[in-house]
Amino acid sequence: MRLDSAQAGLFVAPAPIAVRLPPRKTRPRRPRGWLVIVARDEDEIHAKLRRVLAADRHTRVIFDRRANGARNHPWVARSLRIHGFAVVPAAGGKGRTRQTVLHGGEHVGASA
């Protein structure tokens, strides 16, 4: 039995083609906590947020301690200017403790 080229294609598998798969999407990590950064001149906002969020052990309310606001991310600087505060994910790994300076020199260990 003699096969023509169309019939021969049924018996011969095409060569495998290397396909690069897209990187696997990972779920974004949930932050370990939150920092509520309050503008330096907003004492009333700071006091109210500390009262309201006192029971939330995953949230710290601090004053903006950067002398140069240009070092803040643009959206943080904008939120501080417009609203008087910004909420950001807390940085740091498990077991690390950071000292956070609050208005008036008060120190609070902020576990992140």
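Biologist: Which residues does His46 touch, not counting residues up to four places away in sequence?

Modeller: In this predicted model, His46 touches Val38, Val61, Ile62 and Phe63. His46 itself is found in helix 2, residues 43-52.

Biologist: Why is His46 called buried?

Modeller: Its relative accessible area is 10%. Buried means under 20%, so His46 falls in that class.

Biologist: Good, and what makes Val19 exposed?

Modeller: The cut-off for exposed is over 50%. Val19 has a relative accessible area of 63%, so the word applies. You will find Val19 in the loop between helix 1 (5-11) and strand 1 (34-38).

Biologist: What makes Ile17, Val19 and Leu21 a patch?

Modeller: A patch takes residues with over 30% relative accessible area and no salt bridge, and nonpolar side chains are joined within 5 Å. Ile17, Val19 and Leu21 form such a nonpolar patch on the surface, with about 390 Å² of accessible area together. For Val19 you can check the area yourself, because 63% is its value and over 30% is what a patch asks for.

Biologist: Let's step back to the whole chain. How many helices and strands are there?

Modeller: The protein has three helices and five strands, and along the sequence they follow the pattern α-β-α-β-α-β-β-β. Buried residues account for 22% of its 112 residues. The accessible surface comes to about 9,600 Å², with 55% of that belonging to carbon and sulfur atoms.

Biologist: What is the order of the strands in the open sheet?

Modeller: Three strands form it, in the order 2-1-3. Strand 2 (59-63) and strand 3 (85-89) stand at the edges, because each has a single partner strand, and one side of each is left without a neighbour in the sheet. The twist averages 25° from one strand to the next.

Biologist: How do you know that strand 1 pairs with strand 2?

Modeller: Two strands pair if there are at least two bridges between them. Five bridges join strand 1 to strand 2, so the condition is met. In one of these pairs, Ile37 has Ile62 in strand 2 as its bridge partner.

Biologist: And why is the pairing called mixed?

Modeller: Strand 1 and strand 2 run parallel, while strand 1 and strand 3 run antiparallel, joined by five bridges. The sheet's pairing is therefore mixed. On the strand 3 side, the bridge partner of Leu35 is Val88.

Biologist: Where do helix 2 and helix 3 lie?

Modeller: Helix 2 lies across strand 1, strand 2 and strand 3, running at about 165° to strand 2. Helix 3 (residues 74-82) lies across strand 1 and strand 3, at about 145° to strand 3.

Biologist: Along strand 3, which side chains point to one face and which to the other?

Modeller: Ala86 and Val88 point to one face and are buried; Phe85, Val87 and Pro89 point to the other and are not. In a regular strand, side chains alternate between the two faces of the sheet.

Biologist: One last residue: why is Thr59 called buried?

Modeller: Thr59 has a relative accessible area of 10%, and the limit is under 20%, so Thr59 counts as buried. Thr59 is found in strand 2 and touches Trp34, Val36 and Leu53, leaving aside residues up to four places away in sequence. Thr59 and Val87 are 28 residues apart in sequence and 9.4 Å apart in space, C-alpha to C-alpha.

Technical notes. Residues numbered from 1 in each chain as written. Predicted model: local features only at pLDDT ≥ 70, side-chain atom pairs only at ≥ 80, totals over all residues. Heavy atoms only, no water. Patch = residues over 30% accessible without salt bridge, like charges linked within 9 Å, V, L, I, M, F, W, Y side chains within 5 Å. Areas by Shrake-Rupley, 256 points an atom, 1.4 Å probe, with all protein chains shown as cover. Salt bridge = Lys/Arg side-chain N within 4 Å of Asp/Glu carboxyl O. Helix = DSSP H or I, 4+ residues; strand = E, 2+ residues; numbered from the N terminus. Buried < 20%, exposed > 50% of the residue type's maximum accessible area, 1.4 Å probe, protein only. Contact = heavy atoms within 4.5 Å. Axes fitted to C-alpha atoms, helices over the stretch in contact; angles between N-to-C directions.
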